[in-house]
Amino acid sequence: MGRETPKQQQVSYTVEQLVAVNPYNPDILPDLENYVNEQVSSQTYSLDANLCLLRLYQFEPERMSPQIVARILVKALMAMPAPDFSLCLFLIPERVQMEEQFKTLIVLSHYLETGRFRQFWDEAAKSRHIVEAVPGFEQAIQTYAIRVLSLTYQKIPRPVLAEAINIEGLSLDKFLEHQAANSGWILEKGHGRGQLIVLPRNEFNHPELKKSAADTVPLEHITRIFPILG
Amino acid sequence: MAANYDYEEAPGTYDDANRQDLGYDPNFVPDSVKSFVVHLYRHIREKNVYEIHQMYEISFQTLSDRLFKDTPWPSVDAVAHYVDNDQVFCLLYREMWFRHLYARLSPTLKQRIDSWDNYCSLFQVVLHRVVNMQLPNQWLWDMVDEFVYQFQSFCQYRAKMKNKTEQEIALLRQFDQAWNVYGVLNYLQAFVEKSNIIQILEQEKEGGEQFTATDGYDYSGGSNVLKVLGYFSMVGLLRVHCLLGDYQTGLKCLLPIDISQQGVYTSVIGSHIATIYHYGFANLMMRRYVEAIREFNKILLYIYKTKQYHQKSPQYEQILKKNEQMYALLAICLSLCPQAKLVDETVNSQLREKYGEKMARMQRYDDEAFAIYDELFSYACPKFITPSAPSFEEPLVNYNQDAYRLQLKLFLYEVKQQQLLSGVRTFLKVYSTISLGKLANYMEVDESTLRSILFTYKHKTHAVDSDGKIISNADLDFYIDDDMIHVVESKPVKRYGDYFLRQIVKLEGVITDMDRIKLE
């Protein structure tokens, strides 16, 4: 493992360079495909490189590999809330999107975009072969779900949280303990025998925090007048 | 500026030989044309940029209107001996020749291929030889603009395989490199790289270079051609990427140009509009509605104030067309993301006049609403292309609409996902607190569905910007405490800091302009 890592780093550096310097070149297609597989196995991600590959597939459709495209889409899904998934779809021909595995991925994306977490996890369970092929998928979606919850809830009932991140029972207890210790979550008793989880304060679930930031001016804006002042 | 962006082009129903038989002699050179080329040639040699601009912009148009309303200009072979057979001038003349052809007539396949060859030769000269010319920015912009336009036009043409003659198919097979997407992109990229324009713009920020201050012109005896072509090629790349549906990369190509300021891109109205139109459109497709609204608002106000000065210009029609399209895009953005305070009063009243009724219907999110979204999008979107080579297998089909249909479909898909949000907004406007149960009742959905709707609202109104930060564009926001929804209306805060900054920059701009006048 130790000997392989430096070589891996060298390859990805070169691919990123290729994409920056010589992206409109059919010869780099195999490198980009390898890079996708590398992103999957090493749990890294590069939207630019993947868009570059999808473009090349657009220019030469006979060289398109559906398996690689599927992996790119799964990685894009994991990048939510960024709109990467739809950015990739814009470059994939309609008839390809009609294929079964892509229809499934589009449905999964739809569920996530519209906050239908229970339906998402149900559908993902039915399509294990697609999503299990990419390590880190589950955690990435759970991170996205928590992000949405953090924008929405100050205090969230346990069942709602459980449904959103697809963790229940003892695993959920452990998860909550971990979050309480590391991410500032607070566990409270709700009405009845339910549990309430207090999520960390941010300007989106605590709008009073937003007001104080309203009239500050970012430094980048002030730098615009430095030449004038100087 | 490039010709009409009509979606359906008139089919090229005649070829070279026929046309020449019908009363057009490519070798006849009227005296006025002889005089035109002789003078233009001299001005280019003497680097009289102002005169070149006058001849290019005005004389060429006047002669075209008077003598060549529906025929091409004399062939380059007929005029070459008046200009010492100068290779570069001939390439420039041919470039104008083809542009005129595309604008007034319908090019045949052979002519399309010849135009590609001419661009290749011209670009090779600029990229690989030391060129000692100064050309007006208008001309250099038109070159890039027309290059991309002819590429787009070729892709549309090529995708209509159904009624192609055997001769056309043979030509397509033979000249498969003409208007090849790799070629087009690589030329634009080559200009950007060879001109070093990105580094020049960066160094300019630190005071090390002069480019914007001189409008790209070289006052130290050199040539502006490569640098300015490199600059405009960044806009060209943005445009090509939009045509392909790759909005992220398109915006990346434009990044070195700071559109919050004046620049060489604003020195030519066509370039200014093309830049902001595509920038805005790309942001719209990436769901960055606030950014799109801001930029559309700025340019629409600018056009409103300045279009009277362009009434006589050959670009006037195009300016008006793009103006209308951007109003349509603004209407779409505001319907998906209500942000009343971002729109200037003048622009707003124009918008109400053109699309007030349609916007009200769009926000109802029923079937009629989708039809209007479809209509406006189809009217205002770029002419998307399929870049790959056609299949020559029987049966031959027309696939020129495929790219457009895909982008439209995905756009409407996004609109559909936001369908339930307007309903929620109506209720949030009325209540300051309401329990999930009650709201679910009013909206006639179960609590689980309501939660999904609220999550969707939060997700769609909190976009991730280019730096990865979350920006809320919600005019109406809320948070949930256990099972109670608390509504928060964001009150507009007077942004003194921003106001002062804007005024400081504006004043500096005025002083700089005044200084410039003194120098001239």
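**View 1. Polar contacts between chain B and chain A.** In this predicted model, 23 residue pairs are in polar contact across the interface of chain B and chain A, with both partners at pLDDT 80 or more. Helix α21 of chain B (residues 447–461) gives the largest share of the side that touches chain A, namely eight residues. Sorted by class, that side of chain B has 26 nonpolar, 18 polar and 16 charged residues.

**View 2. How much of the two chains meets.** Here we step back to take in the whole contact region. On one side are 60 residues of chain B, and they are in contact with 65 residues of chain A. Put the two chains together and about 5600 Å² gets buried, with carbon and sulfur atoms giving 59% of that area. In chain B, the residues that lose the most area to chain A are Tyr182(B), Phe455(B) and Asp482(B), and together they make up 13% of what that side buries. Keep Asp482(B) in mind, as this residue turns up again in the turn of a hairpin.

**View 3. Salt bridges from one chain to the other.** How many salt bridges does the rule find across the interface of chain B and chain A? There are five of them. For the side chains of Lys252(B) and Asp48(A), which meet in a salt bridge, the N to O distance is 2.6 Å. Another salt bridge pairs Lys460(B) with Glu113(A), and their closest N and O atoms are 2.7 Å apart. This pair crosses between chains: Lys460(B) sits in helix α21 of chain B, while Glu113(A) sits in helix α7 of chain A (residues 100–113). Counting over all chains, the structure holds 28 salt bridges.

**View 4. Two strands from two chains, side by side.** Strand β1 of chain A (residues 153–157) and strand β4 of chain B (residues 476–481) are joined by two bridges and run parallel. To find the spot, look for Tyr153(A), which stands opposite Ile480(B) in β4(B). Each of these strands also has a partner in its own chain, as the next two views show: β1(A) pairs with β3(A), and β4(B) pairs with β5(B).

**View 5. The strands of chain A.** Start at β1(A), which pairs with strand β3 of chain A (residues 195–198) in the antiparallel sense over three bridges. Within that pairing, Ile156(A) stands opposite Ile197(A). Now move on to strand β2 of chain A (residues 186–189), which four bridges join to β3(A), again running antiparallel. Which residue of β3(A) stands opposite Glu188(A)? The residue is Leu196(A).

**View 6. A hairpin in chain B and its neighbour strand.** Strands β4(B) and β5(B) pair in the antiparallel sense over six bridges. They form a hairpin with two residues between them, and in the turn Asp482(B) has a positive phi of about 65°. Ile485(B) in β5(B) is the bridge partner of Ile480(B). Ile485(B) also stands opposite Ile434(B). That second match belongs to strand β1 of chain B (residues 433–435), which is joined by three bridges to β5 of chain B (residues 484–489) and runs antiparallel to it.

**View 7. Two rings stacked in chain B.** Over all chains the structure holds 39 aromatic pairs. The one shown here is Tyr56(B) with Trp139(B), a stacked pair at 4.7 Å centre to centre, with 15° between the planes. Along the chain these two are 83 residues apart, so to speak from distant parts: Tyr56(B) is in helix α3 of chain B (residues 49–67) and Trp139(B) is in helix α7 of chain B (residues 137–158).

**View 8. Two backbone details in loops.** A cis peptide bond joins Met80(A) and Pro81(A), with omega at about 10°. You'll find Pro81(A) in the loop between α4 (66–78) and α5 (84–89) of chain A. Over in chain B, Asn85(B) has a phi near 50°, which is a positive value in a residue other than glycine. Where is Asn85(B)? This residue is in the loop between α4 (76–79) and α5 (87–104) of chain B.

Terms used
Residues are numbered from 1 along each chain as its sequence is written. Chains are lettered from A and ligands numbered from 1 in the order in which they are written. This is a predicted model: local features need pLDDT of at least 70, side-chain atom pairs count only at pLDDT 80 or more; totals for chains, interfaces and linings use all residues. Side-chain values use heavy atoms; hydrogens and water are left out. Contact means heavy atoms within 4.5 Å. Buried area is the accessible area (1.4 Å probe) that two parts lose on being put together, summed over both. A salt bridge is a side-chain nitrogen of Lys or Arg within 4 Å of a carboxyl oxygen of Asp or Glu. A polar contact is a pair of N or O atoms within 3.5 Å; within protein, one must be able to donate a hydrogen and the other to accept it, and residues adjacent in sequence count only if both atoms are side-chain atoms. Ala, Val, Leu, Ile, Met, Phe, Trp, Tyr, Cys and Pro count as nonpolar, Asp, Glu, Lys and Arg as charged, and the others, Gly among them, as polar. Two strands pair if DSSP finds at least two bridges between them. Rings of Phe, Tyr and Trp (its six-membered ring) pair if their centres lie within 6.5 Å; planes under 30 degrees apart count as stacked, over 60 as edge-to-face and the rest as tilted.
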